[in-house]
Amino acid sequence: MAGPRIGVASLVQETNTFSPKPTVREDYTVLSGEEALRTLAGTNTEFAGAVAGLEELGAEVAPLLAAWALPSGRVTDETFEYLAGLLDRGLDRALPVDGLVLSLHGAMVAGSVFDADAALIEVARRRIGSVPLGVCLDLHANVTERMVELADIMVGYHTEPHVDMASTGERIARLVVKTVRGEVVPAMALAKRPMLVPAEGMRTDIGPMSEVRSLADSRTGGPVLEVSLFPVQPWLDVPELGLGVLVVTDGDLTGAGLLAEQLAGEVWRRRDRMTTPRLMDPEEAFRAARESDCRPFVMAHTADCPTAGAPGDDPVMVTEAAHHAPDLVVLHSILDPEVSRRCHNEVGGRVRIAVGGAFEKSVVPVEVEGTVTAAGSGAYRLTGRSFTGREVSMGEWAVIVTGNHHLLVSSAPSITADPATWRHAGLEPDRADVLIVRSCSDYRANFPGSAAEAVTLDLPGPSTPRLEHLEFRHAPKPLYPDDRAAM
Ligand SMILES: [Zn+2]
């Protein structure tokens, strides 16, 4: 007997509503269903995991499309319409299906749509009717009641830093097939708490969130099909903002609701312990680097981090490194399309050029004088534990060397938490004294030897680790930790 025919689509973007850089069509990589099957096979992505899971269960895979963009500011309305159209036409070609797996981020905001992921689920629901619809989400998703109403089953990553994308895809695929076959009847409940957690405070390998994750795992099994914890990414000013716990049971809505509330309570109880450890100003951070034997010594510039949706164009660490560490070998990076273009034809030559502030108007550019030692462009594959094998590009790039400092300038955002990005530019992170990454947590998975000593830089920016500095207009009030006194 032929297995059920299941559609698979992926449309992923995480929005930082504090970022000045809107997400536009050109920021997306779009693969047709067939291209996605070919290019993503074997990668640590939800799409690849879902396909592998479906094939193992004997289901027929109907690949629709895979589209993703790096985190950034709001998706423009025009771009959102384009994405919704892609999904709609993909479904049009694939129908009829017996079920659908949709991989979304869960924290996408479009120009005029706060809950843009729910709007995409709605597009799918309208097309497929009442057949089972499973959605997998990032751990940083802001899960809403509308999403719960529209989907039959939702699951999220279990890890932060994220290393379980493929297995999350596989889990949702299995649940969709079981639902199609009538083996389970999913009942789903969401519990929310008005709280935000800084990126470093939500790790699932250590600390308070790992305790609640263990508790969730111990309660999963039997009628409890899935428990997902969503400590939402904090740079998101939307009306239903807050930590979410989502429980899927086999037919027991009351049980799902009780467990979700219980686990949300467990997170809430631990909120004061969910903080950013080793937050240091640049001078302290360079002192710590000198006192440490760990190489490379990693400094996380989390406040201006492209994988948290910020532009990555603040050059403050260029100046700080020049002041505090001229003798140390430092690798650092900046997004500056104009400078990378100009340096592209200057390999071997000296340049004196202002860098920074291409998007964030409050950022002051700084002058860099040095030799352009390399330049290039084109795609390469990530090699770290998060997004292993994913093909990415940082547009046109160049390396400007000033004494011991190597500045990687790129025209598109770069993933500096992954060693492959540096190596693509001819730089070896393992030989640096200090590696400055624009990353909130992925570097922990990708540079495990440096993680224990790594410091978070205490700097301002659209993805600041100091959540009390964010000015919310749409989020519910009171909101922890902003209104600590009121709670
Ligand atoms: Zn995430």
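This is a short tour of a predicted model, with stops at a metal site, a helix, a strand residue and two proline bonds. Residue numbers start from 1 along each chain as its sequence is written, and because the model is predicted, local features need pLDDT of at least 70, side-chain atom pairs count only at pLDDT 80 or more, totals for chains, interfaces and linings use all residues, and side-chain values use heavy atoms, with hydrogens and water left out.

**Stop 1: the zinc ion**

Select the zinc ion, then add Asp-138, His-140 and His-162. Its protein donors are Asp-138 (OD), Asp-138 (OD), His-140 (ND1) and His-162 (NE2), at 2.0 to 2.7 Å. Donors here are N, O and S atoms within 2.8 Å of the metal (3.2 Å for Na, K and Ca); water is not among the atoms, so sites may look incomplete. Angles among the four donor atoms run from 52 to 146°, and the site is irregular. For four donors, that label applies when they are neither tetrahedral (all angles between 85 and 135 degrees) nor square planar (opposite donors over 155 degrees apart and all others between 65 and 115).

Along the chain the donors are spaced D-x1-H-x21-H. Asp-138 sits in the loop between β5 (133-137) and α5 (145-150), while His-162, 24 residues apart from it, is in the loop between β6 (153-156) and α6 (165-180). Helices (H or I, at least four residues) and strands (E, at least two) are DSSP runs, numbered from the N terminus. Asp-138 and His-162 are both buried, that is, under 20% relative accessible area, with exposed meaning over 50% and partly exposed in between (1.4 Å probe, protein chains only).

**Stop 2: helix α8**

Now select residues 253-269. Which residues of α8 are buried? They are Ala-256, Leu-259, Ala-260, Leu-263, Ala-264, Glu-266 and Val-267. On the other side, Thr-254, Leu-258 and Arg-269 are exposed. Show β7 (186-193), α7 (208-219), β8 (224-230) and β9 (243-250) too: they are among what covers the buried residues, through contacts (heavy atoms within 4.5 Å).

**Stop 3: Ser-10**

Move to strand β1 (residues 5-12), where Ser-10 lies. Ser-10 is buried, at 8% relative accessible area. Beyond neighbours within four places in sequence, Ser-10 is in contact with Phe-47, Leu-65, Ala-66, Ala-67 and Ser-103.

**Stop 4: two cis bonds**

Finish with the prolines. The Arg-295 to Pro-296 peptide bond is cis, with omega near -5°; Pro-296 is in the loop between α9 (282-291) and β11 (297-300). The bond from Lys-477 to Pro-478 is cis, with omega near -5°, and Pro-478 falls in the segment after β20 (455-457).

Terms used: Tetrahedral: all angles 85-135°; square planar, octahedral: opposite > 155°, others 65-115°.
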